[in-house]
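Welcome! Here are a few short exercises to work through with the model open beside you. Try each task before reading its solution.

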Amino acid sequence: MALELVLITGMSGSGKSLALHALEDAGYYCVDNLPPELLLPFAQLEHQQHANRVALAIDVRSATALPLVPAQLEQLRKSGVKIQSLFLEASTDTLVRRFSETRRRHPLSKEELQDGRQALVQSIRLERELLADLREQSLVIDTSTLRNADLLAYVKKIMAVPPGRLTLVFQSFAFKRGVPLDADYVFDVRMLPNPHYDPQLRPLTGRDAPVMGFLLRQPEVGLMQADIQQFIARWLAPLAHNHRSYVNVAIGCTGGQHRSVYLVEQLAEYFSARWTTLKRHRELD
């Protein structure tokens, strides 16, 4: 049986340890902060011992060896190892707040935390630069607004998807709370008729039948859905050919409750006939 390897990387303070715990609960053998120089020997050892599911966390504490990782992953893929790479992300403001709350020092910081926000922000900026290549090859998960339980559940849902296949992740969001950092494509649907202004529909969501019926009767909604479907369908094959494992499509409206939720549900159902799809409703979650 081929070895399945999950690599977790990402920003310090973004929740990598929690993600590793989720994988441990799912039956993966987990190793935190593995030096990149040991990635290939470790994978070979686990394969020899007939392990079939392994999860590793590599972070910026191994900064000098990080450039080795992309080539190592490619070498492992060619040897038959099934690899899934997750990158945990969060906004700079969120990371600053988390470090301030825990009073921890950033691994790249040369100054103590009490020396000021500016030093911490500079460390976060440097960390983004050092991890940019790994981020490019991974499914990015924005944890800025995720509770711990939501992150654990989302990671477990991702791990249920067979590795090695292109997966479409559709997520709804509210523009008033910011654009998701993990989105590959963002579609703005705020110009569509809004169920919020109907008092009977306001407390419902885009998954409820009355809201779905309302939006289904709006010609503009059908046109928007068709345009998004056509765009995504046009580029999925080239993305898969380029060895992309995940494509994250974000649909945004004002409150992230009606229009964006409805379109995410419709798009996920449409593409599930041919592609593996996941759904995520940021504001409802």
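**Exercise 1. The surroundings of helix H1**

What covers the buried residues of H1? Start by finding which residues of this helix are buried.

*Solution.* Keep in mind that you are looking at a predicted model.

- Step 1: Find helix H1 at residues 16–25; its buried residues are Lys16, Ala19, Leu20, Ala22 and Leu23.
- Step 2: Look down the axis of H1. The buried residues fall within an arc of 155°, so they line one face of the helix.
- Step 3: A general rule helps here: an α-helix has 3.6 residues a turn, so residues three or four places apart point the same way.
- Step 4: Now see what lies over these residues. The cover includes the strands S1 (4–10), S2, S3 (53–57) and S4 (82–89), together with helix H7 (148–159).
- Step 5: Move past the end of the helix: glycine 27 follows H1 and has a positive phi, near 100°.

**Exercise 2. A residue in strand S1**

Is threonine 9 buried or exposed, and which residues is it in contact with, leaving aside its neighbours within four places in sequence?

*Solution.*

- Step 1: Locate threonine 9 in strand S1.
- Step 2: Its relative accessible area is 0%, and the cut-off for buried is under 20%, so threonine 9 is buried.
- Step 3: Leaving aside neighbours within four places in sequence, threonine 9 is in contact with Lys16, Ile58, Leu86, Phe87, Leu88, Leu134 and Ser138.
- Step 4: Lys16 also appears among the buried residues of H1.

**Exercise 3. Two helices that meet**

How do the axes of H2 and H3 cross, and which residues meet there?

*Solution.*

- Step 1: Find H2 at residues 39–48 and H3 at residues 69–78.
- Step 2: The two axes come within 10 Å and cross at roughly 25°. Since angles under 35 degrees count as roughly parallel, H2 is roughly parallel to H3.
- Step 3: The crossing of H2 and H3 is right-handed.
- Step 4: From H2, Leu39, Leu40 and Ala43 meet Val69, Gln72, Leu73, Gln75 and Leu76 of H3.
- Step 5: Sorted by kind, the residues of this contact are 6 nonpolar, 2 polar and no charged.

**Exercise 4. Positive phi outside glycine**

Where are asparagine 33 and arginine 103, and how exposed is each of them?

*Solution.*

- Step 1: Recall that most residues other than glycine have a negative phi.
- Step 2: Asparagine 33 has a positive phi of about 55°. This residue sits in the loop between strand S2 (29–31) and helix H2 (39–48), and with 27% relative accessibility it counts as partly exposed.
- Step 3: Arginine 103 has a positive phi too, near 60°. Its place is the loop between helix H4 (92–102) and helix H5 (117–130), just after H4. At 55% relative accessibility, arginine 103 counts as exposed.
- Step 4: Step back into H4, whose buried residues are Thr94, Leu95, Val96, Arg98 and Phe99. Their cover includes H5.

**Exercise 5. A loop residue**

Is valine 161 buried or exposed, and what is it in contact with beyond its neighbours within four places in sequence?

*Solution.*

- Step 1: Valine 161 is in the loop between H7 and strand S6 (167–174).
- Step 2: With a relative accessible area of 6%, valine 161 is buried.
- Step 3: Neighbours within four places in sequence aside, valine 161 is in contact with Gln84, Thr167, Thr276 and Leu278.
- Step 4: For a distance, take arginine 190, 29 residues apart from valine 161 along the chain: their C-alpha atoms are separated by 31 Å.

Note on methods. Residues are numbered from 1 along each chain as its sequence is written. This is a predicted model: local features need pLDDT of at least 70, side-chain atom pairs count only at pLDDT 80 or more; totals for chains, interfaces and linings use all residues. Side-chain values use heavy atoms; hydrogens and water are left out. Helices (H or I, at least four residues) and strands (E, at least two) are DSSP runs, numbered from the N terminus. Buried means under 20% relative accessible area, exposed over 50%, partly exposed in between (1.4 Å probe, protein chains only). The arc is that of the directions from the helix axis to the C-beta atoms. Contact means heavy atoms within 4.5 Å. Axes are lines fitted to C-alpha atoms, for helices over the stretch in contact, and angles run from 0 to 180 degrees between N-to-C directions. Angles under 35 degrees count as roughly parallel, over 145 as roughly antiparallel, 65 to 115 as roughly perpendicular and the rest as oblique. A crossing is left-handed if the near helix is turned anticlockwise from the far one by less than a right angle, and right-handed if clockwise. Ala, Val, Leu, Ile, Met, Phe, Trp, Tyr, Cys and Pro count as nonpolar, Asp, Glu, Lys and Arg as charged, and the others, Gly among them, as polar.
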